[in-house]
Amino acid sequence: MTITDNASTTTNSVQLPVGYVDISATLDGGQAFRWWPEESGGYRGVVGRRTVNVSEIDGGVVVTPRDGKGVEGLEHTMLEYLGHDQDIEGFRTRFADDPCLGPALRGYSGLRVLRQDPWEALFGFITSSTSNIPRIKLNVGSAAERLGYSVGPEARDVTFPEPEVVAEAGEQFLRDLGFGFRAKYIAPAAEAVASGQLRLADLREASYSDAREALVALHGVGEKVADCVLAFSLDKPESFIVDRHILRALHKWYDLPEKASLSYAADWARDFFGEHSALANQYMFHRERLARRASEWGGTHVERALPEDEV
DNA sequence: GTCCAGGGTGAAA
DNA sequence: TTTCACCCTGGA
């Protein structure tokens, strides 16, 4: 059932009414695991049941179907996915003079917090435990290719497999795909969602703490993974994800005790950044990553790339 | 070839 | 609160 008769030579794409979005950092920066760069530019992935290319053009974002279908509904779907309704302007204004976020905002505006499918996010971040992004993408991608169903011409153009399908496939199936010990967490999580014992959709309406509690109740979901799912899929902008890199940043920029526990740091950050926690978290993480990459190249990350500094 | 880190979690001390 | 096993892949 492939689509081959797309004879139309007219432009079949939609420009989103958003400003500049850093597609690479947003789609392929550790929030989502099923976006792949295309030779022709931009990133290719599946949102819901649509295979699309997302590209930066003229300071904006253009979405082009890769499944041979039209653009109907894509604008709404993609605006929602890219977190269009986040308070990015309020965030910018509030933290313009922040020692860490101010320079970050001027240096690379355009990061967004995605609003993903909750089940895919849960699966992805359980998979992320003591792993790395290339491997997470490998694991999540292979599970999707084996269990999802095709919505485009390429092997990766698949929907994310429903929890019922993952539950049916089972732990051993995931182990055979290279998930390692994470398989014993994912299979029961799939069961919980499939059986209705855990209603992910309802958690979008629930309070931050109630939703978090429900997620942490799952075996294999700790505070870190829960906060990832809350921030990237469950409409909880007050969620703040703490790993060791973020902990170091909080120490460096906000004088948190160097050995503060992850839990203490997360509480502190949520209190400090409030409704902008998830955005602040993303910018801080990105800044730390750039600094790390720079040092790995033997160079120094330019901490303040500001016009006035260069005068 | 070996060594090690990678956006953690759960269980035991 | 701290320590450690848990799987495995890619890079040094």
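## Where domain 2 meets domain 3

Let's start at the border between domain 2 and domain 3: across this interface there are zero salt bridges. What you do find is two residue pairs in polar contact, both at pLDDT 80 or more. Keep in mind as you read that this is a predicted model.

On the domain 2 side, helix 10 (208–216) and helix 11 (223–233) each bring at least two residues to the surface that touches domain 3. Helix 11 gives the most, with four residues. Sort the touching residues of domain 2 by type and you get four nonpolar, no polar and three charged.

## Stepping back: the domains

Chain A is split into domain 1 (2–85), domain 2 (118–233) and domain 3 (244–309). Seven residues from domain 2 and five residues from domain 3 take part in the contact between those two. Measure from one C-alpha centre to the other, and domain 2 and domain 3 sit 27 Å apart.

How much area do domain 2 and domain 3 bury between them? It comes to about 360 Å², with 49% of it on carbon and sulfur atoms. On the domain 2 side, Tyr208, Glu223 and Phe232 do much of the work: they supply 60% of the area that domain 2 buries against domain 3, more than any other three residues.

## Helix 5, hidden away

Now look at helix 5, which covers residues 118–127. Is it mostly enclosed or mostly open? Here 10 of the 10 residues are buried, so the helix is largely enclosed by the rest of the structure. Its buried residues include Trp119, Leu122, Phe123, Phe125 and Ile126, and also Glu120 and Thr127.

What surrounds helix 5? Its buried residues pack against helix 6 (133–147), helix 7 (163–176), helix 8 (183–195), helix 9 (200–203), helix 10 and helix 11. There is also a neat detail at the start of helix 5: a side-chain oxygen of aspartate 117 comes to within 3.3 Å of the backbone nitrogen of tryptophan 119.

## Salt bridges across the chain

In total, the structure holds 18 salt bridges. One of them joins the side chains of aspartate 28 and lysine 137, with N and O 2.8 Å apart. These two come from distant parts of the chain, 109 residues apart: aspartate 28 is in the loop between helix 1 (23–27) and strand 2 (36–37), while lysine 137 is in helix 6. Aspartate 28 is partly exposed, with a relative accessible area of 23%, whereas lysine 137 counts as buried at 8%.

Another salt bridge pairs arginine 115 with aspartate 235, and their closest N and O atoms are 2.7 Å apart. Arginine 115 is in the loop between helix 4 (101–107) and helix 5, and aspartate 235 is in the loop between helix 11 and helix 12 (244–254), so this pair ties together parts that are 120 residues apart in sequence. Aspartate 235 counts as partly exposed, at 34% relative accessibility.

A third example takes you back to two helices from the domain border. The side chains of aspartate 227 and arginine 212 meet in a salt bridge at 2.8 Å, N to O. Aspartate 227 belongs to helix 11 and arginine 212 to helix 10, so the pair ties together parts that are 15 residues apart in sequence. Both aspartate 227 and arginine 212 are buried. Elsewhere, salt bridges that share partners join Glu38, Arg44, Arg66, Glu154 and Asp157 into one network.

## Two residues to find

First, track down asparagine 281 in helix 14 (residues 277–296). Asparagine 281 counts as buried, at 3% relative accessibility. Leaving out residues up to four places away in sequence, asparagine 281 touches Phe240, Ile241 and Ile246. With one of these the link is polar: the side chain of asparagine 281 reaches the backbone nitrogen of isoleucine 241 at 2.5 Å. Asparagine 281 and leucine 101 are 180 residues apart along the chain, but their C-alpha atoms are separated by 9.5 Å.

Then try glycine 73, in the loop between strand 5 (60–65) and helix 2 (74–81). Is glycine 73 buried or partly exposed? At 46% relative accessibility, glycine 73 counts as partly exposed. Glycine 73 and arginine 50 are 23 residues apart in sequence and 9.9 Å apart in space, C-alpha to C-alpha.

How values were computed. Residues numbered from 1 in each chain as written. Chains lettered and ligands numbered in written order. Predicted model: local features only at pLDDT ≥ 70, side-chain atom pairs only at ≥ 80, totals over all residues. Heavy atoms only, no water. Domains from an automatic or database assignment. Contact = heavy atoms within 4.5 Å. Buried area = accessible area lost by both parts, 1.4 Å probe. Salt bridge = Lys/Arg side-chain N within 4 Å of Asp/Glu carboxyl O. Polar contact = N/O pair within 3.5 Å; in protein donor to acceptor, adjacent residues only side chain to side chain. Nonpolar A, V, L, I, M, F, W, Y, C, P; charged D, E, K, R; others polar. Buried < 20%, exposed > 50% of the residue type's maximum accessible area, 1.4 Å probe, protein only.
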